[in-house]
Amino acid sequence: MTSFSRNPKDFWTGIIYIVFGTAAIILARDYGMGTALKMGPAYFPTVLSVLLILIGIISLVRSFIRPGTPIGRYAFKGLLLVTASTILFGIIIRGAGLVIALPLLVIVSSYASKQFRWKHSLAMSVGLTAFCILIFLEGLGLPLPILGSWFGR
Amino acid sequence: MELLANLGLGLSTAFTLVNLLYCFAGVFLGTLIGVLPGLGPTATIAMLLPITFTLPPVSALIMLAGIYYGSQYGGSTTSILINVPGEAASVVTTLDGYQMARQGRAGVALATAAIASFFAGTVATLLLALFAPPLAEFALKFGPADYFSLMVLGLLASVVLAQGSLLHAIGMVVLGLLLGLVGTDVNSGAQRFSFGMPQLADGIGFVVVAMGMFGLAEIIRNLEREEDRTSAVTKITNLMPTKEDWKRMVWPILRGTTIGSALGILPGSGSILGAFAAYSIEKKVSKHSAEFGKGAIEGVAAPESANNAGAQTSFIPMLTLGIPSNPVMALMVGAMIIQGIQPGPSVMVEQPALFWGIIVSMWIGNLFLIVLNLPMIGMWVRIVMVPYQYLFPAILVFCTIGVFSLKNTEFDIYFMALFGVLGYAFTKLDCEPAPMLLAFILGPMMEEYLRRALLLSRGDPMVFLKRPISATLLALGVLAIIAASIPALYRKREEAFRGD
């Protein structure tokens, strides 16, 4: 991945900026430009997108000239588990309710740690669920379902 | 005297049982998250924002403010005891604070940090009370072009302060501005970048972005180097500084407070720049400059007073102009809007009790903090030792519940996850998320002011250079960027950030 560019950080940042900028210009085409005097909804976004693409190009060109440090190792396990557990919570919160969604969030995410122990994780999920029900539902009255629609609530 | 009458009003507002309680809750939470590395004021305030909706406006803002300046106190505790800065602004405190701790003077270092912070907090509160009214009056002279240029200055300043490449930081700002425009265009009613999704009609929620990029991304980043975290805490024996210590800390505290207060007002800055500047200046002027980095008490006193002063004076642009100078202030603006208060120069006139109540509460909060941080230091030390594997699932739970209860939609949870991934990717590429977040909240405002400015000037872009206020602000911004890109200074900036 690093062989073709002397500066992978500059390279990928450049690519990301160019992709975002180009996408924004294409999307903004339909919005109506207007003039400087009477700016349309596309005016400011288009100006910004052009600027972003320019910055992206400079970064990209620079990545072949100025050497930089490699990106370094990724925390794939952490990235995957933290994101997945959060999305899982979103999917099941209405159906299953807090008493199931919350322990799952805690257990799945805590698996990302190198020090993961089932016993600790289970204890923590019980403790945090109790704490959240007490504080957020009883104390602050936030509208969260304790048991969801799958249980006929 | 008007000032006294105003402070009196503030005192009577802040000194009710309820507000004292929320002030205490704020500084307590602030110290707690300051002590816990991996959880900063931005994520915490974002998490608590949905809850503040149920509180009266004054209590809500007093508590949120307390979290911010409280975190500056707590951040120094971990810097001194375990050489890990609890907050970005306490990075420099590790240099001499930890060395003092290794020499068995941890207690003195903690006491110095607390005393310095308390003094700086008191002075900054007074400055806020003195300068906010004339500044708010001056702000009434601001036209759309001037507001636009002020925001440009703020964003450029945040670029200069960002870690990593200047170019990437500018890109992050532009990207943030673009993301801020998602949703309904207020002028034409057109839907922009919403992909036909009704959930995006109001734009992407600021809290959602903040929690994703600062809450989730931070957790993933910490998991990456989990084993690096030490939990060897230094023993604390004697808290009391000696007579010699007192003598040596007086001037650094005075200088640190001055530098921190001045730099805190600058848009885009907050507490971090002040701490760095105060440390490097102290190192230059001190008689004991050879001791710096080896446990000089000046190296704790100066940056600790500066970061606390800066945290408080950074409220000035937010309270007087309605323009946030950093992500935390942007959240404060969000909290005011939730409560139905439009931030700006009129807040002081229309809501004097709120305005002065917040200011006076800061001084009371500082008093609480010195009690919390000196006699009760033992409790915080125990919290420092909580292993990260127990901490991060809890942070994740609070983020998720917070973001869900904001609008009661799971859609926001998915977006938070998305911004978590994006935020992590950007930090891996040395692109700091703070400037993007600031740009994100300023985006719609900037477009509106640009539109108005050009409408008034009949489409002539020279209006930004013709108006003296606007021209001055833009010149300052350009100067900051030029200064930061001069090779010699650029290296200095890199060094300063590599301090940890």
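Let's start with two helices. In this predicted model, α2(B) passes α4(B) in a right-handed crossing. Helix α2 of chain B covers residues 17–35, and helix α4 of chain B covers residues 57–82. Their axes come within 6 Å. The crossing angle is roughly 30°. What sort of residues make up the contact of α2(B) with α4(B)? There are 18 nonpolar and 14 polar residues, and no charged ones.

Now step back to chain B as a whole. The secondary structure comes to 23 helices and two strands. How does the radius of gyration of chain B sit against the globule rule? The radius is 22 Å, and the rule gives 23 Å for 500 residues. Those values are close, so chain B is as compact as a globular protein of that length. Along the principal axes, the C-alpha atoms of chain B fill a box of roughly 65 × 55 × 50 Å. Of the 500 residues in chain B, 62% are buried. Then sequence separation. Take the contacts in chain B between residues at least 6 apart in sequence. Of these, 80% join residues at least 24 apart.

One residue to look at: B:G299. This glycine is found in helix α12 of chain B, residues 298–313. Is B:G299 buried or exposed? It is buried, because 31 other C-beta atoms lie within 10 Å, and the cut-off for buried is 20 or more. Which residues does B:G299 contact, leaving aside neighbours within four places in sequence? The list is B:L95, B:D96, B:Y279, B:E282 and B:F292. Take B:Y279 from that list. B:Y279 and B:G299 are 20 residues apart in sequence. In space, C-alpha to C-alpha, the two are 6.2 Å apart.

Last, the interface between the chains. Chain B gives 55 residues to the contact, and chain A gives 56. Which elements of chain B give two or more residues to the side that touches chain A? Going along the chain, they are α8 (166–180), α9 (206–224), α18 (388–407), α19 (410–428) and α20 (433–456). The largest share comes from α18(B), with ten residues. By class, the side of chain B that touches chain A has 34 nonpolar residues. The rest of that side is ten polar and eleven charged residues. Set that beside the opening pair: the contact of α2(B) with α4(B) has no charged residues, whereas the side of chain B that touches chain A has eleven.

How values were computed: Residues numbered from 1 in each chain as written. Chains lettered and ligands numbered in written order. Predicted model: local features only at pLDDT ≥ 70, side-chain atom pairs only at ≥ 80, totals over all residues. Axes fitted to C-alpha atoms, helices over the stretch in contact; angles between N-to-C directions. Helix = DSSP H or I, 4+ residues; strand = E, 2+ residues; numbered from the N terminus. Left-handed = near helix turned anticlockwise from the far one by under 90°. Nonpolar A, V, L, I, M, F, W, Y, C, P; charged D, E, K, R; others polar. Contact = placed C-beta atoms within 7 Å. Rg over C-alpha atoms; globule rule 2.2 N^0.38 Å. Buried ≥ 20, exposed ≤ 12 C-beta atoms within 10 Å, placed from the backbone.
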